[in-house]
Amino acid sequence: MNNDPNKTVLGAPVGDPNRTQAMTGFDPARTTAMAAASLPGEPSLSVAVTPSREATLANGPAREQFLIEVTAGSGNALPGVGDAGPRTAVNLCLVIDRSGSMEGSPLEYVKQACQYVVDMLSPNDVLSIVTFEETVDLLMPPQRVTNKQPIKDGIGRLTAGNTTDLYGGISMAAQQLGQTEAAGRATRMVVLSDGDPTTGIKDFASLVQLAADIKARGITVTFLGFGPDYNEELLASMSKKAGGNYYFIPRPELIPEIFRTELDKLMTVAAGNLDVELSLARWVSLRGATGLSVIPTERTFSIPLTDVERGSTIQVVVDLDFANHPLGWYRVAHGRVVWDDTQTGKRERQDLDLTIEFTADAARYGAPVDPRVAQAYQIASASRAVEKTIMGLKTQQITAAAAIADLQKTQALLVQQGRTSEAQEVTMALRALQLGDAGTAEKTLMGTIVNLDQGKTGG
């Protein structure tokens, strides 16, 4: 990392910137919900659990899904006045690739985008800026955004350098974000890169682990991949581990708009650093869960979730197998949802109980699946279908024609389920494949997978 005292550094660092048993007396209502809270000083989230059916097969093998929904209210606006809610203060670090390939219009659009971000921030927000190429430079230590013009001028003086030290840039950015007291603020790192790491620590596993380690420190990271040469599998994998968003930017003129989209989301974050923590009963097996590509072997495990904006819901489907079990109500899993609440400034929690009745009544255990659970399960399955298509293309195990046929089925499902944004992404990928551009298709579809794995609706 570069310690040259002649490097441009904006401002000065800021210290503190402002055992399984049968259930008795259980209410057999299909949906178990914790009350939504939107009053000042109360948590911003509500949590609901819905089983796929009210009852499942007793004294034989059975399988059911449970839908866990985490919903953020729309704020404290009065009825009829609007639901925008208060603007969330942010602790933001921009991490900019200025390697040689960014020279020219890409870097100019990045400067424009960063200057737009500065204009949107207020004195209650904390901003830091890190740039990386062969060396890593701290352009601006964390500070409140009170005097905007010097910050914008410093951004305007950025020039392109040489190679790409992605690991070093992200590591320095995490240090900057960790210096700021973040209670009540949404903490986010936004990383833009146009290439593969070419210097510093470069291997895939180390970079993905870095993203996971940063998330464990309460920092969410969004990755913006620009142009044709960046490693989409790497950035998407890091994004999933870091709980943030992922964007593919095919043309430089789109950079400011993507920054704007990300900032708009960040300013409405109600809760960050979310985790669903579950413990399964000893006779229950996990088949899968939204966002989990690898099934954990332990009975107690966590599912990290992305930040949730006001007015949006995260849906997590947990798919469970049950061994032979006697008649009655039973708790099949228990746990909690934990999060950092921007409204209370505290670490909040809601306890979870996944319960279901085991019955010998075929009419009950053979009843149709709850449509809301079925829809969420289909969307989670669509993510795995897209992932399988990408891997087939990359390994040449399927042809472009076969990939197109698979994606058309996925596209129809997404349209049917109302996932318009992801359906549009699949449409873009289909067009690219039809033009022989598998690279663009893969980059686009990586974003689709990340979005579907987040399980987010609304917002």
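This is a chat about a sheet, two helices and one buried residue in a predicted model.

Trainee: Okay, the sheet. What order do the six strands come in?

Mentor: Keep in mind that the model is predicted. The order is 7-6-5-8-9-10, the pairing is mixed, and the sheet is open.

Trainee: Which strands stand at the edges?

Mentor: Strand 7 (136-144) and strand 10 (243-249). Each has a single partner strand, so one side of each has no neighbour in the sheet.

Trainee: And how many degrees are neighbouring strands turned against each other on average?

Mentor: 10 degrees, with direction ignored.

Trainee: In what sense do strand 5 and strand 8 pair?

Mentor: Parallel, over eight bridges, between residues 89-97 and residues 185-193. For instance, C93 has M189 of strand 8 as its bridge partner.

Trainee: Switching to helices. Which strands does helix 5 lie across?

Mentor: Helix 5 (residues 232-242) lies across strand 9 (220-226) and strand 10, at about 155 degrees to strand 10.

Trainee: What about helix 6, which strands does that one lie across?

Mentor: Strand 5, strand 8, strand 9 and strand 10. Helix 6 covers residues 255-266 and runs at about 160 degrees to strand 10.

Trainee: Last thing, I219. Where does I219 lie?

Mentor: In the loop between helix 4 (204-216) and strand 9.

Trainee: Is I219 buried or exposed?

Mentor: Buried: its relative accessible area is 4%, and buried means under 20%.

Trainee: What does I219 touch?

Mentor: Leaving out residues up to four places away in sequence, I219 touches A174, L177, T187, M189, I214 and A242. T187 is 32 residues away along the chain, yet the two C-alpha atoms are separated by 5.8 Å. M189 is also the bridge partner of C93.

Key
Residues are numbered from 1 along each chain as its sequence is written. This is a predicted model: local features need pLDDT of at least 70, side-chain atom pairs count only at pLDDT 80 or more; totals for chains, interfaces and linings use all residues. Side-chain values use heavy atoms; hydrogens and water are left out. Two strands pair if DSSP finds at least two bridges between them. Helices (H or I, at least four residues) and strands (E, at least two) are DSSP runs, numbered from the N terminus. Axes are lines fitted to C-alpha atoms, for helices over the stretch in contact, and angles run from 0 to 180 degrees between N-to-C directions. Contact means heavy atoms within 4.5 Å. Buried means under 20% relative accessible area, exposed over 50%, partly exposed in between (1.4 Å probe, protein chains only).
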